[in-house]
Amino acid sequence: MQSFREIDASHVDSAHLKNELDSRGYALIRRLLPFEDIENLLRKIAQILSDEGWLLPNQQPIARAANLRAACSESDPAFKRLYEKVFNLEALHSFAHHPKVFEVMRLLVGPKLLVHPKPIVRLIFPNCDRSVIHAHQDHLAVGGDTNCFTAWLPLHDCPAELGPLQVLEGSHRFGLQDADPDTGVISKGNVRGREWVSGAINAGDALIFHSLTVHSASPNTSSQLRISMDCRFQDYSHILNPANFVFPGSNDRSWESTYAYWVSKDLKYFWKHLPLRFKPSIDELTTLVNTVDSERMRVRYGRILSQIKLQMPLDTMSEVDQGSLSSQLPLPQNPVHEGL
Ligand SMILES: O=C(O)CCC(=O)C(=O)O
């Protein structure tokens with residue numbers, strides 16, 4: 001497999017970054033984030049993992065030595081319980097808004113940069129096949145504008161054995177590709193793009209890719225947990241999937257419970273003052289709740305609708321109604337990212 005092309009953080013400029021994303025579908029920026037800022041977040045997450053017995057007791061939590069007896073993945077109740085604690089960390093959300101990341105994403109997206117409010121943390125046990133994320137495109141799960149970008153940020157060095165991401169260069173040029181409707185996974189035989197690229201991604205590096213770029217994780221064959229974040233960014237004047245602002249998978253999670261122990265108010269509901277354009281809009285969601293055949297989807301739309309109405313006073317929203325309702329059914333939801 002070819003190695004990633006890379007750009008040093010000291011040499012990033014807007015034209016270069018846009019050109020790399022346009023021609024290859026990704027850019028790997030080396031040495032973007034300071035080590036202290038990464039370590040501060042990693043220590044907090046590792047302590048939660050250690051408290052829950054996910055790490056071997058006789059080693060420092062920061063070493064992330066996995067207790068294989070605790071191995072679990074996203075769909076397991078034990079994972080969900082722990083994930084809640086990690087997601088509620090104020091430091092996690094601040095990290096997604098790190099000035100260095102913000103600056104570089106602004107070069108790519110422009111002045112109306114929106115940080116999607118729900119960053120995803122990956123907690124990947126070694127040698128756990130069901131934790132390995134297979135080839136997919138983020139747009140299927142994230143929805144909204146296709147001009148949305150992911151920044152994948154490991155919280156420690158990720159050599160090949162830790163299972164860093166791989167990217168199919170040029171795959172963003174083929175639109176939404178054929179995927180398994182249940183899992184969102186694109187099979188090797190169907191996938192379209194130029195060539196897969198890979199390599200070590202270190203603490204402080206940012207792998208940035210387009211929402212249509214096909215990517216997958218490689219297996220973690222080490223003895224340590226792999227901990228990374230993926231954060232999404234787009235222009236806030238473009239359409240947004242309201243599911244990205246609420247918790248459609250659960251009635252129990254809320255922003256209020258997330259914020260319960262936060263010290264600063266700065267990032268609480270930071271998107272509320274922005275003139276966001278949801279697709280589906282409130283009116284469309286109301287119709288969907290009453291018309292969609294699948295009971296599961298009716299419940300999901302119902303949760304999105306009630307939560308979005310609660311958090312956003314109607315006079316702050318400018319709604320969008322582009323195209324017919326049938327053109328955007330069903331609201332993208334893909335187990336690759338579901339529930340996080
Ligand atoms: O980190 C992983 O294992 C998967 C990340 C991913 O699929 C993404 O960032 O979209």
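How many bridges join strand β7 (residues 165-168) to strand β8 (residues 196-198), and in which sense do these strands run? Two bridges join them, and β7 and β8 run antiparallel. Leu168 has Trp196 in β8 as its bridge partner. Please keep in mind while reading that this is a predicted model.

## The open sheet

The pairing of β7 with β8 belongs to an open sheet of four strands, ordered β1-β8-β7-β10, in which the pairing is mixed. Its edge strands are β1 (2-3) and β10 (215-217), each of which pairs on one side only.

## Strand β11 and its partners

A good place to go next is strand β11, which spans residues 226-235. Nine of its 10 residues are buried, so β11 is largely enclosed by the rest of the structure. The table sets out three strands that pair with β11, with one partner pair for each.

| Strand paired with β11 | Bridges and sense | A residue and its partner in β11 |
|---|---|---|
| β4 (residues 113-115) | three bridges, antiparallel | Leu114 and Gln234 |
| β5 (residues 120-124) | five bridges, antiparallel | Ile120 and Asp230 |
| β6 (residues 148-154) | seven bridges, antiparallel | Leu153 and Met229 |

Gln234 comes up again from the β6 side: Cys148 stands opposite Gln234 in β11.

Let us now look at one residue of this strand, Arg226, which is found in β11. Is Arg226 buried or exposed? A residue is buried if 20 or more other C-beta atoms lie within 10 Å of its own. Arg226 has 25 C-beta neighbours inside 10 Å, so it counts as buried. Leaving aside residues up to four places away in sequence, Arg226 touches Arg122, Ile124, Cys158, Leu162, Gly163 and Asn220. One of these, Ile124, is 102 residues from Arg226 along the chain, yet their C-alpha atoms are separated by 4.9 Å.

## Strand β6

Strand β6 deserves a visit of its own. Seven of its seven residues are buried, so β6, too, is largely enclosed by the rest of the structure. In a regular strand the side chains alternate between the two faces of the sheet. In β6, Cys148, Thr150, Trp152 and Pro154 point one way, while Phe149, Ala151 and Leu153 point the other way, and all are buried.

Besides its seven bridges to β11, β6 pairs with strand β9 (residues 206-210) in the antiparallel sense over four bridges. Here Ala151 stands opposite Ile208 in β9.

## Helices α8 and α9

From the strands we move to a pair of helices. Helix α9 covers residues 295-311, which makes 17 residues. From its first C-alpha to its last, α9 reaches 25 Å, close to the 24 Å expected at 1.5 Å a residue.

Which residues of α9 are buried? They are Arg300, Tyr301, Ile304, Leu305, Gln307 and Ile308. What do these buried residues pack against? Their packing partner is α8 (282-291).

Two packed helices are described by the angle between their axes and the distance between the axes. For α8 and α9 the angle is about 145°, and the axes are 9 Å apart. The crossing of α8 and α9 is left-handed. On the α8 side, Ile282, Leu285, Thr286, Leu288 and Val289 take part, and they meet Arg298, Tyr301, Gly302, Ile304, Leu305 and Lys309 in α9. Sorted by class, this contact has seven nonpolar, two polar and two charged residues.

## Backbone details in the loops

Finally, a few loop residues are worth a look. Most residues other than glycine have a negative phi, and most peptide bonds are trans.

A cis peptide bond joins Lys279 and Pro280, with omega at about 5°. Pro280 lies in the loop between β13 (277-278) and α8.

Arg64 has a phi near 55°, a positive value in a residue other than glycine. Arg64 lies in the loop between α2 (35-51) and α3 (77-87). With 26 C-beta neighbours inside 10 Å, Arg64 counts as buried.

Asn127 also has a positive phi, near 50°. Its loop runs between β5 and α6 (138-142). Asn127 has 15 C-beta neighbours inside 10 Å and therefore counts as partly exposed.

Note on methods: Residues numbered from 1 in each chain as written. Predicted model: local features only at pLDDT ≥ 70, side-chain atom pairs only at ≥ 80, totals over all residues. Expected span 1.5 Å × (residues − 1). Buried ≥ 20, exposed ≤ 12 C-beta atoms within 10 Å, placed from the backbone. Contact = placed C-beta atoms within 7 Å. Axes fitted to C-alpha atoms, helices over the stretch in contact; angles between N-to-C directions. Left-handed = near helix turned anticlockwise from the far one by under 90°. Nonpolar A, V, L, I, M, F, W, Y, C, P; charged D, E, K, R; others polar. Pairing = 2+ DSSP bridges.
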